[in-house]
Structure formats: structure tokens, C-alpha cells
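Dear colleague,

Please find below the structure that I am handing over to you. A short account of what was found in it follows.

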Amino acid sequence: MINASDLVREEVLRLAPYNSGLTLREVNQRYAPAKIAKLGSNENPLGPSPDLDSIITAGPDLIRLYPDPAGVELRNAIAVALDVPLAKIILGNGSEELISIISRAVLRPKDRVVTLYPSFPLHEDYATLMGATVDRINIKDDMSIDVEAFEKAIATPARMVIFSNPMNPVGCWLSPAELTRAIAAADKNTLIVVDEAYAEYAAGDDYVSAVDLLKGSDRPWVALRTMSKAYGLAGLRIGYGVVGDPEFRSLLDRVRTPFNVNAIAQVSAVTALADRQHLQRVVILAVSERQRMEAFLFGNGWQVAPSKGNFLFFDCAGNAADFAEGLLRQGVIVKPWKQAGFETFVRVSIGAPDENNQFMSAVLSLK
Ligand SMILES: *Cc1c(COP(=O)(O)O)cnc(C)c1O
């Protein structure tokens with residue numbers, strides 16, 4: 001019988017399994033803690049808008065019938081909210097799927113892809129799968145983005161530059177001036193993909209979305225957003241992209257499966273986008289709790305990266321996997337980072353106040 005590893009493309013063997021962390025069920029089986037604080041996946045402690053309650057119990061037709069393959073109602077709501085034409089919006093089964101669609105559509109073997117490092121692993125994985133080579137631009141010792149090195153790297157032609165802003169896992173970001181400069185420095189044929197999964201948390205002072213900067217530009221670009229984080233819909237799997245060129249968007253459409261976004265996700269996203277008040281509650285809580293957690297981690301003498309996301313990235317000054325296991329025993333799930341050079345780093349999501357308290361007391365008990 002042929003070995004499974006001979007059956008797959010060589011690129012598949014180069015991929016590491018996704019580090020998704022433990023589910024609630026797995027943690028319960030392993031340690032049966034009295035209470036679990038799930039702070040490993042940047043989920044939203046307040047959940048979605050209460051306006052969604054009626055959708056979840058709504059008409060069976062949402063389930064019986066195929067969804068709108070063009071997702072027109074939702075794309076229209078997004079287009080209006082961002083003030084861009086409907087033809088520039090594409091929907092994904094999570095923004096992860098859009099990273100996959102874009103990578104499959106554009107990357108050829110040996111293409112060069114540039115990203116920031118430590119990275120969101122999927123930015124690299126789909127590139128690797130397509131046979132591209134990934135050029136990583138490391139953050140600086142003070143855990144800020146090395147803007148000069150980044151500009152230099154993207155001035156050299158590449159097929160694609162893909163990075164998150166704010167950056168996951170670190171939390172740091174490119175200021176409006178830095179993002180403007182980086183875009184100006186980038187080779188004009190290189191596709192720029194800015195993953196803005198945390199844009200809603202970052203909005204305001206010292207942050208600008210690539211959508212606003214690139215709206216009128218005719219260079220190739222895509223901005224990715226998700227409904228999984230600030231809108232609290234992670235379980236429904238829905239994200240979207242703003243694609244600079246509508247023609248490019250329609251080519252990307254050919255790569256996705258026709259019914260990639262399910263009906264409940266589409267309807268829920270429309271409702272969630274409309275509830276600005278809930279979004280504001282979510283962001284205000286995340287920012288104030290983030291400040292409290294950041295002060296605590298600093299107080300422990302640890303290096304913590306500045307963050308505009310709903311998470312913090314810090315150096316626990318020891319083996320991060322052991323540290324995370326110590327917290328897990330007390331019901332606290334965090335994400336020990338596994339990429340080379342960052343094995344002492346941990347990413348903790350900002351949860352509800354009682355979850356954050358549970359995290360902080362668990363940390364103190366390990367000292
Ligand atoms: C969480 C996250 C995503 C995933 O979003 P989905 O829409 O749930 O697939 C994408 N990019 C980054 C940087 C993220 O942190």
C-alpha cells in the first residue's frame with residue numbers, strides 16, 4: 001500500500017498542524033477544573049449582539065435552502081458601512097478561507113511572499129502549500145514592527161505581502177504614517193493583503209484601516225476582516241474581504257466553493273453589523289480590561305508588547321508550554337507560542353473580568 005506521505009504533495013509535509021489549543025471538553029476531561037477561563041483564541045466574552053437571539057431560533061428555511069451564493073444582502077451592508085462598491089466585497093467561511101482562496105488563486109511555485117514575524121501561521125501555511133517561499137520580517141527587540149526592514153523587503157518585487165494590522169500574535173500595529181509609507185514603498189505589482197481581524201478594537205487614535213488608505217488606489221490590494229472577534233460570531237465562520245479591483249474579486253470568486261458562507265452566518269452578520277451599540281460595549285470592555293491585564297503583567301516584571309487587539313503577548317521568561325500547562329491545571333486556557341525564537345512567549349486573550357481575574361490569580365500561584 002502506498003504511504004500517505006507519498007500520496008500527498010511534498011508541500012503538505014512541510015506544514016505543521018494548526019496550534020488551535022484545547023476545547024472546553026478536552027480541558028474538562030484532563031483536569032476537571034471548577035471553572036474554565038478560555039483565553040486562548042481571542043474570542044469575545046460578551047458574545048454577539050443580543051439581536052441575534054431571534055435568528056438562532058428562526059425559520060427552518062434558513063437551513064433547508066441553499067444560501068445566496070453571492071451573499072448580496074450582507075455584501076451590501078458591508079459596502080454601505082465601509083463606503084466601497086458592492087463589487088469589491090467578497091465573503092469567506094471565516095477570513096481564514098479568504099487567505100486560502102487568495103493564496104490558491106495567485107501563488108505559483110517559488111513565488112516570494114513577505115510577512116511579519118512572529119506571524120499568524122495561516123499567512124505562511126497557505127503560501128507554503130502553494131510552493132511559495134516566505135520571507136519573514138522579525139519584530140524588533142522592543143516588540144514593535146521593524147518598519148524600515150519591512151519597507152525594504154516589500155520594495156523588492158514579491159507576488160504577495162500579507163500581514164495582520166494590528167499584528168497577531170504580538171498586538172503591535174503600523175501607525176497611519178507607517179502604513180502609508182509602507183504602501184508607498186511597496187513594489188507596484190505586488191499584491192498587498194492586510195489582515196484586519198482586530199480593526200474594530202484598534203479603531204481610533206493612531207490607527208487607520210488599509211481600506212481607508214487604499215480605497216482610491218489602483219495598485220493590487222485586499223483588506224480582510226472577520227466577524228469572529230469583535231462581533232462574536234467565531235462559531236458561525238464568516239469573514240469578508242475588500243478587494244481593490246472588482247475584476248480581481250470576480251476571479252477570486254471562481255476559486256471559492258459556490259455556497260461557501262452558510263445562510264445563518266449571512267443573516268447573523270447583517271444583524272450583528274447593524275448593532276453599533278453592542279460593538280461599542282465589546283470594545284470598551286476589551287480596552288479597559290486589557291489595560292488592567294497589561295499593568296498586572298508588567299508588575300510581574302515581564303516584557304509585554306503594546307497591543308491594540310483583544311489579547312496580550314508577553315515573555316513568561318521560561319518555557320511557555322510548561323507555563324501554559326500550569327495555568328491549564330487551574331482551568332485557564334492561554335496560547336503558548338510555538339514559532340522559532342518565541343518559545344517563551346504566551347498570548348492571552350482579554351476575557352470577561354472574572355476570567356481575567358482567574359488568569360491573574362493562576363499566574364500568581366505559579367510564582
Ligand atoms: C482570528 C484571526 C483570523 C481568523 O478569522 P476567521 O474569520 O475566524 O477565520 C484571521 N486573521 C487573524 C490575524 C486572526 O487573528
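**The sheet and the ligand site**

β9 and strand β12, which covers residues 345-349, pair in the antiparallel sense over 5 bridges. Please note that this is a predicted model. Within this pairing, Phe314 has Val346 of β12 as its bridge partner. The two strands belong to an open sheet of 3 strands, ordered β9-β12-β11, in which the pairing is antiparallel. Because β9 (311-315) and β11 (335-336) stand at the edges, each has a single partner strand, and one side of each is left without a neighbour in the sheet.

The second topic is the ligand. The space that the ligand takes is the largest pocket. Around the ligand there are 13 residues, and the closest are Asp195, Tyr198, Thr226, Ser228 and Lys229. By character, the residues of this shell divide into 3 nonpolar, 6 polar and 4 charged.

Three contacts may be of use to you when you examine the polar groups of the ligand:

- A nitrogen atom of the ligand lies 2.6 Å from an N or O atom in the side chain of Asp195.
- An oxygen atom of the ligand is 2.7 Å from a polar side-chain atom of Asn168.
- At Ser95 the partner is a polar backbone atom, 2.6 Å from an oxygen atom of the ligand.

As for the cover of the ligand, its accessible area on its own is 390 Å², and the protein covers 95% of this.

Yours sincerely

Key:
Residues are numbered from 1 along each chain as its sequence is written. This is a predicted model: local features need pLDDT of at least 70, side-chain atom pairs count only at pLDDT 80 or more; totals for chains, interfaces and linings use all residues. Side-chain values use heavy atoms; hydrogens and water are left out. A residue is near a molecule or strand if one of its heavy atoms lies within 4 Å of it. A polar contact is a pair of N or O atoms within 3.5 Å; within protein, one must be able to donate a hydrogen and the other to accept it, and residues adjacent in sequence count only if both atoms are side-chain atoms. Accessible areas come from the Shrake-Rupley method with a 1.4 Å probe; for residues, only the protein chains shown count as cover. On a 1 Å grid over the protein atoms alone, a cavity is a set of points where a 1.4 Å probe fits but cannot get out, and a pocket is an open set with protein on both sides within 12 Å along at least five of seven lines; lining residues have an atom within 4 Å of a point. A molecule sits in a cavity or pocket if more than half of its atoms lie within 2 Å of its grid points. Ala, Val, Leu, Ile, Met, Phe, Trp, Tyr, Cys and Pro count as nonpolar, Asp, Glu, Lys and Arg as charged, and the others, Gly among them, as polar. Two strands pair if DSSP finds at least two bridges between them. Helices (H or I, at least four residues) and strands (E, at least two) are DSSP runs, numbered from the N terminus.
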